Amino acid sequence: MRMYDLIMKKRNGIVLTQEEINFMVEGFTNGSIPDYQMSAMMMAIYFRGMNEDETLYLTMAMAHSGDILDLSRINGLKADKHSTGGVGDKTSLVLGPMVAALGVPVAKMSGRGLGHTGGTIDKLESFEGFSVDISTEDFIKNVNSIKMAIIGQTADLAPADKKLYALRDVTATVDNMSLIASSIMSKKLAAGADTIVLDVKTGSGAFMKTEEDSFALAKEMVQIGKGAGRNTVAIVSDMDQPLGYAVGNALEVKEAIDTLNGEGSKELLELCVTLGSYMLVGTKNAATIEEAREKLYQTIEDKSALNKFAEFIRAQGGNDAPIFDTSLLPNASLIEEIKATTQGYVEHIITDEIGIVSLILGGGRETKESEIDLGVGLVLHKKVGDYVNIGDSLATIYANDKDKLQAAKERFKKTYSFTNEKKEKPKFIKGIVE
Ligand code: URA
């Protein structure tokens, strides 16, 4: 079998067999198939698509490309959550501690930034010393003792996805339904949790821009999860504007901490409570969604989720001081307001462009080797449906480089549109696929 022939086959729109997909994944993982051939294949898949069988084979091949975590030594039913990626999506930082504070084992595998979206691991590295490169032993020990641990893909878990994820990030091949479904589900299956709750984003900041595509992706992933014997549910949530107000690694960590203190964005909290309620019911820690929601709100009121977050950061080597004093988080030297030059209701925010503004400032990777600047990004002050007067601040930009600040300001200009008609706030939770 030759990779060249497989690329040609897919380029011409022909369905790949399980054997061919296994060959491609194995070869890419062991290095015999180079990045440039895999990039060409990803682009062919991007344009030609994959059917359900091909997607399942790709998921299984990637899930089995390394170790499969045996979590049987963790007491109780384990829960994991994964987002399809969005702008300002700091959900895991709030949700994980809320659920863990209620005694549900959160055994989570997270990723880094992808395309215009941020990643949980990059955000967590805002805490000095924090690492997701922990051994399986420590991962299991931490979930047993404090109920929460986050691992990266370094420990030979779904290494094919890890390599492919980095490649797709820089070759404009992220936003394809089969590639997203297989990427997410291969990790979730390899990481071993019993209950998988998926947060499928929809809108201009998501990889799936339409509700139709987002629901189709949700169904595809739920089907793969259930087929593999995991209790899987997907929530489709709005990403037609950033989630909350902050975009950029340390800025998002600050918003997450504010939310754990009961002072953050209402939508972020609502999303965490919705996702968390399915994690609680799925692991039999609540009998009904209503009971689960009440319990989750309680973790914010009594600060048990905030304290759990600190415990988790410490357990993975991080300095937890910024949780109690957010001014200690990485920061930026240049801070500028962007003032509105038009008045009216905010009609739309081109959300992936907001993600790119953060990327331009240094908050994401331009190439696989790029270093992230944790302190940069932006904080929005106006969201869809808000009324804006000329001169009001739309956003504050945080930068560490004058040229990047200038480029970011230019790019930001086209992101907001206004209307004189009153604009309703968009429905936030679009639906649930069980
Ligand atoms: N998140 C993932 O883990 N993979 C994707 O392809 C997209 C979002």
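## Close-up views of a three-domain model

**View 1. Three domains make up this predicted model.** Domain 1 covers residues 3-49. Domain 2 covers 79-323. Domain 3 covers 331-419. The C-alpha centres of domain 2 and domain 3 are 24 Å apart.

**View 2. Domain 2 meets domain 3 across a shared interface.** On the domain 2 side, 29 residues are in contact. They face 27 residues of domain 3. Interface size is often quoted as the accessible area lost when the parts come together. Here the buried area is about 2,100 Å². Carbon and sulfur atoms give 59% of that area. Three residues supply 27% of what domain 2 buries against domain 3: Gln241, Tyr245 and Leu251. No other three residues supply more.

**View 3. Salt bridges and polar contacts link domain 2 to domain 3.** Three salt bridges are counted between the two domains. Polar contacts across this interface join 15 residue pairs, both residues at pLDDT 80 or more. Which elements of domain 2 each supply at least two residues to the side that touches domain 3? They are helix H8 (159-169), strand E6 (246-247) and helix H11 (249-260). By residue class, this side of domain 2 has 12 nonpolar, 10 polar and seven charged residues.

**View 4. Lys209 and Asp352 form a salt bridge.** The contact is between their side chains. The N to O distance is 3.1 Å. Lys209 falls within the bounds of domain 2, 79-323. Asp352 falls within those of domain 3, 331-419.

**View 5. Strands E10, E8 and E12 form an open sheet.** The order is E10-E8-E12, and the pairing is antiparallel. E10 (387-388) and E12 (416-419) are the edge strands. Each of these two pairs on one side only. Strands of a sheet pair through backbone hydrogen bonds.

**View 6. Strand E8 pairs with edge strand E10.** E8 spans residues 344-349. Two bridges join E8 to E10, and the strands run antiparallel. Which residue of E10 is the bridge partner of Tyr345? The partner is Tyr387. Gly344 stands opposite Val388 in E10.

**View 7. Strand E8 also pairs with edge strand E12.** How many bridges join E8 to E12? There are four, and these strands run antiparallel. In this pairing, Ile349 is opposite Tyr416 of E12.

Definitions and conventions. Residues are numbered from 1 along each chain as its sequence is written. This is a predicted model: local features need pLDDT of at least 70, side-chain atom pairs count only at pLDDT 80 or more; totals for chains, interfaces and linings use all residues. Side-chain values use heavy atoms; hydrogens and water are left out. Two strands pair if DSSP finds at least two bridges between them. Domain bounds come from an automatic or database domain assignment. Contact means heavy atoms within 4.5 Å. Buried area is the accessible area (1.4 Å probe) that two parts lose on being put together, summed over both. A salt bridge is a side-chain nitrogen of Lys or Arg within 4 Å of a carboxyl oxygen of Asp or Glu. A polar contact is a pair of N or O atoms within 3.5 Å; within protein, one must be able to donate a hydrogen and the other to accept it, and residues adjacent in sequence count only if both atoms are side-chain atoms. Ala, Val, Leu, Ile, Met, Phe, Trp, Tyr, Cys and Pro count as nonpolar, Asp, Glu, Lys and Arg as charged, and the others, Gly among them, as polar.
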